Amino acid sequence: MSALLSLEQAPPFSVPLRFFLTAPLFGVLAAALLGWAGPQALASRWSDAALALSHLLALGVLSMVMCGALLQMLPVLVGVRVASPRLLAGACHGLLVTGTLALAAGFLGAGALAFRLAAVLLGLGLGGFLLALGWGLARAPNTQDSVRGMRWAALGLLLVLALGLRLALGHAGLGLDLWRWPLTDLHLAVGLVGWIATLVAVVAWQVVPMFQMTPAYPAALRRVLPPATFALLAWLALAKWLGWPLPWLPWLLLAVLLGGFGLTTLRLLGQRRRKLGDSSLAYWRLGMAMLLLAALAAMLAWWLPGAVAERLLVTATVLFLAGFALSVASGMLYKIVPFLVWLHWQQRLSSRLDLRHQLVLPNMRSILPEARCRRQLQCHALALALLLAAVWLPVLVRPAALLWAASFALLGMNLLQAGLLYQRECRRIEAGG
C-alpha cells in the first residue's frame, strides 16, 4: 500500500493541522451547547438546539477533519499537487469556521441575517474547497478505487452543500418557500450517508490496511459501495417527491449496505497481522459497532409507534454522529497526525545531510503516547454511553455534556502537544542539533 504513496508531494504540515486542531474546539462548543440546552437538545431531531448541535458536529468537527485529511490525501494518494495549499487551506478554514458559527447562531435565534451570512461564508468556503478537490480529482487517473470513491464523496459534499444553502436561504427570509420537511430529510440523508459515510469508507480502504496491517478491502465492495449509495439516495428522493410505494425500502437497503461495510471492516481488523492493539484500533472497532447499531435503530424506527420511532431516530443519529463518525475520525487522527509529524521531520532532515546520521528524533509512537490516547478513548466511550442513555433518560443530558467537553478537550490537548513537539524538533533540526 505504501508503494502507492507520493510522499514527496505532501503539502506543508500546517495545511491539515489547522483543521485538525480546530475540530476539538468545535466539539467543546457543541458540548457546551448540549449542557446549556439540556433535554431539549435530544427531544427531537428538529428542535433548534438539536439542529445547531448537529451542524456544529457535522461541519465544525467532522467536515473540519475531513477537509484537512483530503487536502493531505489528494496529493499523497492521488498524486495531484494542490496549487497554493497554504492559501487555499487558510481561506477555506476561515470561511468554514465563521460560516459554521453563523449557522449555529441562526438556529439559536440570531435571525435571518445569521442564515444569510452562513450561506455566503459556507458557500464560499466549501465551494472553494470543492473546486480544488474536483480539479484535482478530474486530473487524477481513473485507475484507483480511491479516486473513484473520492469523486462520489465530492458529489455528496456538493449535493449536501446545495441542499443546505437552499434551506439556509429559506430560513433567511428571502421569500423562498422553505420546503422544510422533504428538503431537510434529503439534506440529512445525503450529509450522513452520501458525504460522511462514503468518505469514511473511501479513506478506510487506504488507512485501515496501511496503519492497522490488515488485508485489503474486497474489490467488489470498493467498486459497488459508492455508486450503490447514491443510487439508493436518488431512489429515496424520488420516492419522497413522487410518492412511490414502500418508502422505507431505500432506507432499509442503505442500512444493509452500510452494515456490510461495518461488518467487513470488523472482519478485516480481526485478521490484522499485528496482534497488539492500540487506541486507534479500539476507535475503529467502536465506530463500526456503532454504525451497525445505528443501522439497526433506523430500521426498527419504521415499524414502531410514532413517539418510540422518534426516540429511535434520535438514537440512530447519535449512534451515527457521535458513535460512528466521531470515533472513526479520532482513530484516524491518532494514526495520521504522528505519521505526518514523522514524515515532515524526515523531509526536513533530508535537506541536512550533515545531520542525517547524528540527530536522533523521537520515534513515531512517542509523538502521541498511548497512555494519553487511551485516557481520551475511555472518556469518549463513557461520554457516548451516557449520551445514548440520555436520549431515553433526559436527566443524564448535562452529565453527558460534561464528559463530552472533557473528551474533546483531551483530544485537542493531545493533538496540540503533537504539534508543539513537531515545532520543537524542527527548530532543533534547523539549529543543527
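The paragraphs below lead through a predicted model, taking its nonpolar core, one helix residue and two pockets in turn.

The largest nonpolar core has 155 residues, and among these Ile196 and Phe261 touch the most other members. The element that gives the most to this core is helix α11, spanning residues 306-350, with a contribution of 25 residues. The surroundings of Phe261 can be followed residue by residue: once its neighbours within four places in sequence are set aside, Phe261 is in contact with Val200, Ala201 and Ala204, with Tyr217, Leu221 and Leu225, and with Met288 and Leu291.

A residue of another kind of setting is Leu108, which belongs to helix α4, residues 85-110. Is Leu108 buried or exposed, or does it fall between? Its relative accessible area is 41%, and because buried means under 20% and exposed means over 50%, Leu108 counts as partly exposed. When residues up to four places away in sequence are not counted, Leu108 touches Leu33 and Trp36, and also Asp48, Ala49 and Ala52. The C-alpha atom of Leu108 is separated by 9.7 Å from that of Ala50, although these two residues are 58 residues apart along the chain.

From packing, the account turns to empty space. Rolling a probe the size of a water molecule over the atoms shows where such space is left. The largest pocket holds about 610 Å³ of space, and its lining is made up of 25 residues, with Arg45, Trp251, Ala298, Trp302 and Leu313 lying nearest the centre. Which helices supply at least two residues each to this lining? They are α7 (180-212), α8 (219-242), α9 (248-269), α10 (279-301) and α11, the last of which is also the element that gives the most to the largest nonpolar core. Sorted by class, the lining of the largest pocket comprises 21 nonpolar residues, one polar residue and three charged residues.

The second largest pocket contains about 390 Å³ of space. Of the 16 residues that line this second pocket, those nearest its centre are Arg274, Asp278, Lys335, Met364 and Arg365. Two or more lining residues come from each of α7, α10, α11, α12 (364-367) and α13 (370-392), and α11 gives the most, with four residues. By class, the lining of the second largest pocket consists of nine nonpolar, two polar and five charged residues.

Helix α11 thus recurs through this account: it gives 25 residues to the largest nonpolar core, at least two to the lining of the largest pocket, and four to that of the second largest pocket.

Notes:
Residues are numbered from 1 along each chain as its sequence is written. This is a predicted model: local features need pLDDT of at least 70, side-chain atom pairs count only at pLDDT 80 or more; totals for chains, interfaces and linings use all residues. Side-chain values use heavy atoms; hydrogens and water are left out. A nonpolar core is a set of buried Ala, Val, Leu, Ile, Met, Phe, Trp, Tyr and Cys residues joined through side-chain atoms within 4.5 Å. Buried means under 20% relative accessible area, exposed over 50%, partly exposed in between (1.4 Å probe, protein chains only). Contact means heavy atoms within 4.5 Å. On a 1 Å grid over the protein atoms alone, a cavity is a set of points where a 1.4 Å probe fits but cannot get out, and a pocket is an open set with protein on both sides within 12 Å along at least five of seven lines; lining residues have an atom within 4 Å of a point. Grid points are joined across faces, edges and corners, and a volume is the space filled by probe spheres set on the points. Ala, Val, Leu, Ile, Met, Phe, Trp, Tyr, Cys and Pro count as nonpolar, Asp, Glu, Lys and Arg as charged, and the others, Gly among them, as polar.
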